[in-house]
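This report looks at charged side chains and how they pair, with attention to where the partners sit in the chain and how accessible they are.

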Amino acid sequence: MTDRSDGPIGSLPEHLLVEILTRLPICEWVQVSCVSKHWASMFQGEYLWQTAISRKWPSAGFRKRWPGPIPRGSARRRFQALYVSENLVPSGGEIDELVGHTYLYLKEQLESLVIPPSSILHGTIIDQFIACGGTGEKAHELASNIWIAVIDNLEENEQTFMLLKHLAQEGDFFLPFPYSRSYKVLWRVFDKLFTDFRDCFSRADYHDALASAKSRFQPVPSLWLGH
């Protein structure tokens with residue numbers, strides 16, 4: 001990493017540098033931030049991210065803050081949330097910043113050292129969408145889509161395998177709709193376990209997980225069978 005004085009571009013005013021950097025493909029931003037200490041500091045600040053949001057999602061700057069337990073956060077956090085909403089969570093073609101923030105919240109909770117019960121996480125998400133005026137049915141649908149998007153974008157490693165096992169082994173919580181767990185989310189948990197992580201099971205653990213799956217779903221897919 002070089003000092004900002006190295007090279008003619010280092011003498012450009014910061015607002016021009018930001019205009020240039022925010023026009024680069026997003027996939028190059030991490031590499032670009034390592035060019036100099038000054039550029040790294042711009043990526044750590046608010047101005048670059050606010051400019052990027054205004055350029056890519058002009059209407060996002062006019063949205064009011066929402067009530068509920070999940071905050072909006074910094075400009076960088078907001079950019080990440082908008083990107084997630086546009087690219088990772090299906091929302092009928094609309095870009096909903098709150099959906100992106102909820103995805104980030106759930107992913108961080110599931111990757112923490114102490115994972116809260118899924119019923120608590122699901123309830124927090126439902127409360128967030130209802131606090132913002134959503135119906136119970138819509139809140140349940142959005143929460144399910146976010147759960148599935150997070151599960152599909154976890155890295156394939158031992159930590160994810162242990163997380164999925166934990167979610168599969170959790171007991172059923174008899175909660176009223178919309179706080180009840182989505183069966184399509186639980187189906188996705190078992191599907192990833194028996195397809196992407198089949199080789200991680202011991203024989204005994206596999207049969208325990210399969211018995212748990214059969215108690216919830218009948219019939220189970222043939223791809224889930226055989227260890």
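A residue counts as buried when its relative accessible area is under 20%, as exposed when that area is over 50%, and as partly exposed in between. The model examined here is predicted. Side chains of opposite charge can pair when their charged atoms come close, and this structure holds 12 salt bridges. Three of the pairs are set out below.

| Pair | Closest N and O atoms |
|---|---|
| Glu19 and Arg55 | 2.3 Å |
| Lys107 and Glu111 | 2.7 Å |
| Glu170 and Arg181 | 3.5 Å |

The salt bridge between Glu19 and Arg55, with its closest N and O atoms 2.3 Å apart, links distant parts of the chain, since Glu19 lies in helix α1 (residues 14-21) and Arg55 in helix α4 (residues 47-56), 36 residues apart. Glu19 is classed as partly exposed because its relative accessibility is 25%, and Arg55 is likewise partly exposed because its relative accessible area is 37%. This pair does not stand alone, for Glu19, Arg23 and Arg55 are linked in a network of salt bridges.

In the salt bridge that joins the side chains of Lys107 and Glu111, Glu111 counts as partly exposed because its relative accessibility is 38%.

Glu170 and Arg181 form a salt bridge with their closest N and O atoms 3.5 Å apart, and here too the pair links distant parts of the chain, although both residues lie in the loop between α9 (158-169) and α10 (183-195), 11 residues apart. Are these two partners, Glu170 and Arg181, buried or exposed? Both Glu170 and Arg181 are buried.

How values were computed:
Residues are numbered from 1 along each chain as its sequence is written. This is a predicted model: local features need pLDDT of at least 70, side-chain atom pairs count only at pLDDT 80 or more; totals for chains, interfaces and linings use all residues. Side-chain values use heavy atoms; hydrogens and water are left out. A salt bridge is a side-chain nitrogen of Lys or Arg within 4 Å of a carboxyl oxygen of Asp or Glu. Helices (H or I, at least four residues) and strands (E, at least two) are DSSP runs, numbered from the N terminus. Buried means under 20% relative accessible area, exposed over 50%, partly exposed in between (1.4 Å probe, protein chains only).
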